[in-house]
Amino acid sequence: SILDICSTAFPQKRLKWHYRSRFEPLISFSNKNFYDNDLVTFPSSKQDTKGIGVDYFYVDGTFDRKTKTNRVEAEKIVDLVFENIEKYPERSLGVVAFSMSQQNLIDKLIAKRRQQDPSKESFFKSDKAEPFFVKNLETVQGDERDTIIFSVAYGYGSDGRFLHNFGPLNKKGGERRLNVAVTRAKFNVKLVASIKAHDIDLSKTSAEGSKLLKDYLDCAE
C-alpha cells in the first residue's frame with residue numbers, strides 16, 4: 001500500500017486516541033493484535049451484554065463453492081437486520097460480508113424482505129446522516145455505524161470439506177482488512193458464522209488474516 005511505501009522514507013507516528021467504540025470489547029481485539037495495547041480507550045460503565053459489545057451467532061450453514069455464498073447465513077443476517085430495526089430504531093446499522101458474492105446475496109434478500117414488509121421503509125432512507133449499507137471487506141473502510149452485522153460465509157461445503165479459503169483474508173494484508181472491518185461499530189457487533197474457532201486448522205493456512213479470524217471467532221464466542 002502507499003503507507004508501506006511511505007514507511008520506508010518517513011518517520012512513523014501512531015494515532016493513539018480511539019473514540020469510536022463506546023464499549024471496550026469492540027476495540028480490545030484490535031488493540032491487542034494490531035496496536036500493542038497502546039490505544040487510549042474509554043471504558044464503559046455497562047457490561048458486555050446482548051446488544052452491546054460483541055454478539056456471536058452460530059448457524060448451520062454451508063458454503064456453496066459454485067456461487068461463493070452461504071444462504072443460511074444470509075437469511076440470518078436479514079432476520080437480524082429487521083430485528084435490530086424493531087428493537088433499536090434509533091441506531092444506525094451496517095452489514096459487512098467477507099466477500100462480494102455474499103454481499104450481493106444479502107442485498108438481494110433484504111430487498112425481497114422490504115417488498116414483503118414495507119413498514120420499515122423509513123429506516124432505509126438514503127438521506128440519513130448514517131444510512132443503512134451492505135458492503136464487503138474491501139469497501140467498508142472509512143464507514144462507521146452504531147451496529148455492524150457480519151457474515152463470514154466461508155465454511156464447510158455440502159461435501160463436508162472445509163478448504164480454509166477466506167477470500168480477501170488469505171491475501172497479503174488481509175489481516176488489515178479484518179482490522180478495519182471489526183472496528184466499524186460504536187455500540188454492537190453481531191458476528192454470524194457457520195464455523196467456530198476450533199474449525200480453523202492453522203496447519204492448513206499460513207495467512208495472517210486467517211489466523212486472526214480464528215482468534216476473533218474465539219473472542220466472539
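Start with Y56 in β1: its bridge partner in β5 is L191. Strands like these, and the helices we'll meet, are DSSP runs (E of at least two residues for strands, H or I of at least four for helices), numbered from the N terminus. β1 and β5 run parallel and are joined by 6 bridges; two strands count as paired if DSSP finds at least two bridges between them. What you're looking at is a predicted model, where local features need pLDDT of at least 70 and side-chain atom pairs count only at pLDDT 80 or more, while totals for chains, interfaces and linings use all residues. Residues are numbered from 1 along each chain as its sequence is written, and side-chain values use heavy atoms, with hydrogens and water left out.

Now step from β5 to β4. These two also pair in the parallel sense, over 6 bridges, and one pair to look for is S151 with its partner V192 in β5. On the other side of β4 comes β2: residues 93-97 of β2 and 145-151 of β4 run parallel, joined by 5 bridges. Here V96 has F150 of β4 as its bridge partner, and A97 stands opposite S151. A97 also has a bridge partner in β3, namely N136, and 4 bridges join β2 to β3, again in parallel.

Put those pairs together and you get an open sheet of 5 strands in the order β1-β5-β4-β2-β3, with parallel pairing. β1 (53-58) and β3 (133-136) stand at the edges with a single partner strand each, so one side of each is left without a neighbour in the sheet. Neighbouring strands are turned by 20° against each other on average, direction ignored.

How covered are the strands? In β5, 8 of its 9 residues are buried, where buried means under 20% relative accessible area, exposed over 50% and partly exposed in between, using a 1.4 Å probe and protein chains only. β2 has 5 of its 5 residues buried. As a general point, side chains in a regular strand alternate between the two faces of the sheet. In β2 both faces are covered, with L93, V95 and A97 buried on one side and G94 and V96 on the other.

Next, the helices. α4 packs on the sheet, touching β2, β3 and β4, and its direction makes about 165° with that of β3. Contact here means heavy atoms within 4.5 Å, and axes are lines fitted to C-alpha atoms, for helices over the stretch in contact, with angles from 0 to 180 degrees between N-to-C directions. Another helix, α6 (residues 208-220), lies across β1 and β5 (185-193), running at about 105° to β5.

α4 (residues 100-116) also meets α3 (residues 71-87): their axes come within 9 Å and cross at roughly 50°. The two are therefore oblique to each other, a label for angles that are not roughly parallel (under 35 degrees), roughly antiparallel (over 145) or roughly perpendicular (65 to 115). Residues making the contact include I77, V78 and F82 of α3 and L105, I106 and L109 of α4.

Finally, two loop residues. N37, in the loop between α2 (25-33) and β1, has a phi near 55°, a positive value in a residue other than glycine. N37 is exposed, with a relative accessible area of 53%. K68, in the loop between β1 and α3, has a positive phi of about 60° although it is not a glycine. K68 is partly exposed, at 49% relative accessible area.
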